[in-house]
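Welcome! Take a moment to turn the structure around on your screen before reading on, and then let us walk through it together.

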Amino acid sequence: MSTQTLPVPDRTSIISMQGLEKKFGTFTALRDIDLDVREGEILTFLGPSGCGKTTLMRIIAGFEDPTAGSLQLRGADMRRLPPEKRPINMVFQRYALFPHLDVFDNVAFGLRLKNWPAARINERVGRMLKMVQMDTMATRWIHELSGGQSQRVALARALANEPQLLLLDEPLAALDLKIRHHMLSELKRIQRETGTTFVYVTHDQDEAMILSSRIVLMNHGRIEQLGTPDELYFHPVSLFAAKFLGETNILPAEVRSGAGDDAVLEGLAGRMRASHLPKGLADGQKVHVSIRPETVSLSDSTVGTAPEINGALAEITQIQPIGSRVVYTARLDNGTEMRSQTVRPPDALPLAMGQKVHLKWSEAAVAVLTA
Amino acid sequence: MRWSFPSFDRRQRSGLALAAPTAVFLVIFFVVPAAVLLVYSFWISRSFQITPTLTLSNYLRALGNAGMWLSMWNGVWIGAWTAVFSVALSFPVAWYIAYRTRSNAILYAVLLSWFSSYLVRIYAWRTILGTSGLINSTLMQLGMIDQPLSFLIFSRTAVIVTLVHLFVPFTLLLLLSALRNVRTDYLEAARDLGASWRQSFLRVVVPMAYKGIVGSFMFTFILAAGDFISPQLLGGREGVTTGLLISNQFRQTGNWSFGAALAFILLGVFLFAYFLVAQSMRLGRLSPGLRFHPTLPTQEKA
Amino acid sequence: MVLRTYVWLYLLFLFGPLAVITLFAFHSSPALSFPFEGFSLKWFRAILDDPQFLAALKNSTIVAVAASVLTGILGTLAALALPRLPKRSLATFNMLTFAPIALPGLFLGIALLALFERLGIYRSLWTVTIAHTLFTLPFFIETVRSRVAYFDASLEEAARDLGATPVQTFRLVTLPILFPTLMGGMLLSFALSFDEVVITVFVVGEKNTLPFYILSMMRRTVNPTINAASVLAMGLSLASLLLGGLFFLMQRRRAQARRAENE
Ligand SMILES: Nc1ncnc2c1ncn2[C@@H]1O[C@H](COP(=O)(O)OP(=O)(O)O)[C@@H](O)[C@H]1O
Ligand SMILES: [Mg+2]
């Protein structure tokens, strides 16, 4: 759903990294990074603070040297190239707009270094400022700008050089929520207009979900999972991935009756079947399953019978309305709690505390986590 | 017409009350004395006796005196070279402390040397550069020279070396605090946008650290050009500066009015020097706050 | 690496001459040149037997204590004023407090001399103290300025809100937080005053200060008693600085220990 409006990514890769590693002294900040950045995509580095996102981005920009591995730009080794020679530009975390220059001169900075004639600079800067809707503020000084405006200028400055790749390091972190959402759609529009490849760093899963063509989920300097937002959301490969993206019910389970496509999982929420199974599951293997709350449906237990598989009988122990949603917590007979989330109806809630209910979820809703 | 008194809130009033003792102290012992000195420069005095007769003769005499101009030239020469060397020598160290190390050890060492005695350091250079000083005696013992090198001491060079040693820690501190305003991400942003090392230095570091760089240069210049003890002890005949002349008027000759006039002339030269430095930075487009584009037609100010 | 080497050379330039002076203070012969002929404490003995030196040392100590206390009082009030002053007044006040050190000491010296003469004030250790305060006060205010800027005004407001009077707020909140900074500033003032000579030569009376005495020695003699005197003077002012540093360090350790305890 979120990928519909994005351009179809071109398969050719701009940057490719293999076996990349970065050590600071004895501390390994990045290891075993194998990654391609594809032409025209928005690739997001997502992960908790300190997992190495900024470091990876700074390696691409040329501000850090990897301690091992290869880093290529369209097939050519990039490791020797200083930052100013790379066709890559960056929007800095705190913008780093030059305070001694006004908006216009900030955006023109890179172009002046190329000794462009004034007319050409004026044209390009004007176009960039118009694109970020800052064309009326060209003569403002940097300290006269709000956070959102600084953000736009930083974007214009980085894009003025027409880089092949734009790096953005948590560009929205300093903005308040409303502007952040607005800027996200602005970023998407600008990316579409310019067709520039974006590498975007964030620790905010919502930003990543809304913006990305693909997400690189990182943890402790490693790539945990790489895929489209939908792949990460519905088919996490690890406990970490399942927990990091969105709310979920995590249940321990064991693989039963065969390791093929018809494997059945036996766990605290009864027997389950999953439509997607990881390869190489063995009989008796211990795994976890992740079931998103919004895929669990509740119904009054006095109507119909409890499902034999992918379902359970439970009692509602908590009802939590959150704006447009309601989250129910239900306790199974064995004490296991599961949450279910539905759209909140405009009238009274159909279920009450203490009520016995049937929980149900589909095979597609079950993600099996082996790590 | 109505008098409008600025109205202050309680917090501001308490601030004014707290500032008052210092302000009064500085007015009595700094502003008033400066005014007295200014008045003196227009009076007449001889052998420590002042006559309150309004006259321009002190200034005219000073400006018409070749010795005065020579001493001014000496002072400016000494001050300028001291400032140039101090800034040039300190910049790499300030850079190192600001960007290359996280420990403050070097900074503390520099601070310590700044507060180690002023006179001792002058004395040290006299010991090192003197006619029978360390350098000469060592060179003579090594048989490299038979006569002591006379240019080492009692010369402007000796004064400059000493003053650089005296003021270089101060220069460094000012430069450092200027560089601390230029966070590394500004440097990286410049590199990212295609600036070479040199370009990012000239177009980002210098304008952003402008105040500190010009400030440390000017401070060193003024303190060095106005110092009279080093020229007195190390400058010899060649190193007579206006500062030394002024000090002599007040301590020996007793012509205070003339001395005061010299002091205000020196002050004027300092102001002129500041103007020159600021102007040349502007012309070199190294100042902050310059606009590099023609004013655009359709600008508004919201 | 080139840069590192350069930094070391720079430090060598700063400290080399001082090391030379110190070394020759212990020289067994009066020669101030190599070869070094052996260690002796005789120059120290000579200088410590010199009643004029001891008197000058005493005078300098008195002046430095008086100047740093005066600076401490005025400077603390000024520091407290900084965050409270209205904007315009603050700009004027900043200029006024900085101006004395923006000029060579020579200017301060002759101006004060003219003032004292006009007012008919006899030159004494008092005039020296005033001159030194004029010189140290700007340094004091500049050192505490940044600390005061970080000082959170809401702390004082919180104290007032909890029922403390302005005086209690100062005693229980403001002073304890700013104390190390103020102490550091005062020790700095002590060291600066103890070493001051440029202004002093104009306002000194019959009683010598230590640097002034050393200056007159430098005119008269060239032998290692000057070195010994210099080393003693330098040692004393550095000791006060180190004391200040130690004070800072202890304060920080204690704060860290307290934080660790609370965790
Ligand atoms: N220059 C450096 N020296 C030492 N450690 C560093 C340096 N830069 C980053 N690190 C460490 O590397 C890890 C990853 O940092 P970073 O890439 O900034 O994380 P993120 O951007 O994901 O929050 C952190 O633990 C950080 O402390
Ligand atoms: Mg980061």
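Before we start, one term: two residues are in contact when they have heavy atoms within 4.5 Å of each other. Keep in mind, too, that you are looking at a predicted model.

Let us begin with chain C. Of its contacts with a separation of 6 or more, 70% are between residues 24 or more positions apart. What is this chain built from? Chain C has 11 helices and 0 strands, so if you follow the chain from its N terminus, you meet one helix after another by the definition of elements used here. Its C-alpha trace spans about 70 × 55 × 40 Å along the principal axes.

Now look at what is covered and what is not. Chain C has 263 residues, and 50% of them count as buried. The chain exposes about 12,600 Å², with carbon and sulfur atoms supplying 68% of that area. As for charges, chain C carries 21 positive and 14 negative ones, and the mean positions of the two groups are 1 Å apart.

How do the chains meet? There are 2 pairs of chains that touch, and the pair with the most contacts is B and C. Chains A and C, on the other hand, share no contact, and their closest C-alpha atoms lie 17 Å apart.

Next, move over to chain A and find an open sheet of 4 strands. The strands are ordered β2-β1-β4-β5, and their pairing is antiparallel. Which strands form the edges? They are β2 (27-38) and β5 (76-77) of chain A, each of which pairs on one side only. In general, strands of a sheet pair through backbone hydrogen bonds, in either a parallel or an antiparallel way.

Zoom in on one pairing within this sheet. Strand β1 (residues 13-24) and strand β4 (residues 68-73) of chain A are joined in the antiparallel sense over 5 bridges. For A:Gln18, the bridge partner in β4(A) is A:Ser70. You can also spot helix α1 (residues 53-61) of chain A, which lies across β1, β2 and β4 of that chain and runs at about 120° to β1(A).

Finally, visit a single residue, A:Thr329, in strand β17 (residues 325-332) of chain A. Is A:Thr329 buried or exposed? Its relative accessible area is 9%, so A:Thr329 is buried, the cut-off being under 20%. Leaving aside residues up to four places away in sequence, A:Thr329 touches several others, including A:Glu315, A:Thr317, A:Met338 and A:Arg339.

Notes
Residues numbered from 1 in each chain as written. Chains lettered and ligands numbered in written order. Predicted model: local features only at pLDDT ≥ 70, side-chain atom pairs only at ≥ 80, totals over all residues. Heavy atoms only, no water. Helix = DSSP H or I, 4+ residues; strand = E, 2+ residues; numbered from the N terminus. Buried < 20%, exposed > 50% of the residue type's maximum accessible area, 1.4 Å probe, protein only. Areas by Shrake-Rupley, 256 points an atom, 1.4 Å probe, with all protein chains shown as cover. Lys, Arg positive; Asp, Glu negative; His and termini not counted. Charge placed at Lys NZ, Arg CZ, Asp CG, Glu CD. Pairing = 2+ DSSP bridges. Axes fitted to C-alpha atoms, helices over the stretch in contact; angles between N-to-C directions.
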